[in-house]
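Work through these short exercises with the model in view. Try each task before you read its solution.

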Amino acid sequence: MKNISVSVDEDTHRRLRSMAAEQGTSVSAIIREHIPTILNGGAQADTGETEPEWRRRRLTEVLEEFQRKGIGISMKDNQTREEMYQRNASR
C-alpha cells in the first residue's frame with residue numbers, strides 16, 4: 001500500500017478529525033473510502049451505481065438524516081405574506 005500526503009487548511013482538518021471521531025475511524029480511512037468515488041467520476045465502484053444514482057441515494061440519505069435529527073423547516077413554519085411584511089402592524 002502506498003502513502004499519499006495531502007495538505008488541507010486548518011478548518012478542513014478540524015472538521016475531518018471531528019467527523020472521524022464521530023464515526024470511530026481515522027481521517028485516512030475517511031479519505032480512503034472516498035478515493036474510488038473520485039476515480040470513478042462520482043460513481044461508487046463497489047455498488048456499480050452511476051453518478052446520478054449515487055447522488056440521488058446520497059441526497060435521500062442526507063435528507064433522512066436531517067429528518068431524524070429535526071433539522072430543516074416545514075411548511076407549517078411559513079409566515080403569511082402579511083406576517084412577513086407586517087402590513088397590518090401600522091394600521
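The exercises below cover helix length, helix ends and salt bridges.

This is a predicted model, where local features need pLDDT of at least 70, side-chain atom pairs count only at pLDDT 80 or more, and totals for chains, interfaces and linings use all residues. Residues are numbered from 1 along each chain as its sequence is written, and side-chain values use heavy atoms, with hydrogens and water left out.

**Exercise 1.** Check the span of helix α1 against its residue count.

Solution. Helices are DSSP runs (H or I, at least four residues), numbered from the N terminus. The expected span is 1.5 Å times one less than the number of residues. Helix α1 holds 14 residues, 10-23, so it should span 20 Å. Its end C-alpha atoms are 20 Å apart, which agrees.

**Exercise 2.** Which residue follows α1, and what is the sign of its phi?

Solution. G24 follows α1. Its phi is positive, near 65°.

**Exercise 3.** Describe the salt-bridge network that includes D11.

Solution. A salt bridge is a side-chain nitrogen of Lys or Arg within 4 Å of a carboxyl oxygen of Asp or Glu. R14 pairs with D11, with the closest N and O atoms 2.3 Å apart. R15 also forms a salt bridge with D11, at 3.9 Å. Salt bridges thus link D11, R14 and R15 in a network.

**Exercise 4.** Is R15 buried or exposed?

Solution. Buried means under 20% relative accessible area, exposed over 50%, and partly exposed in between (1.4 Å probe, protein chains only). R15 has 54% relative accessibility, so it counts as exposed. D11 is partly exposed, at 35%.

Methods: Helices (H or I, at least four residues) and strands (E, at least two) are DSSP runs, numbered from the N terminus.
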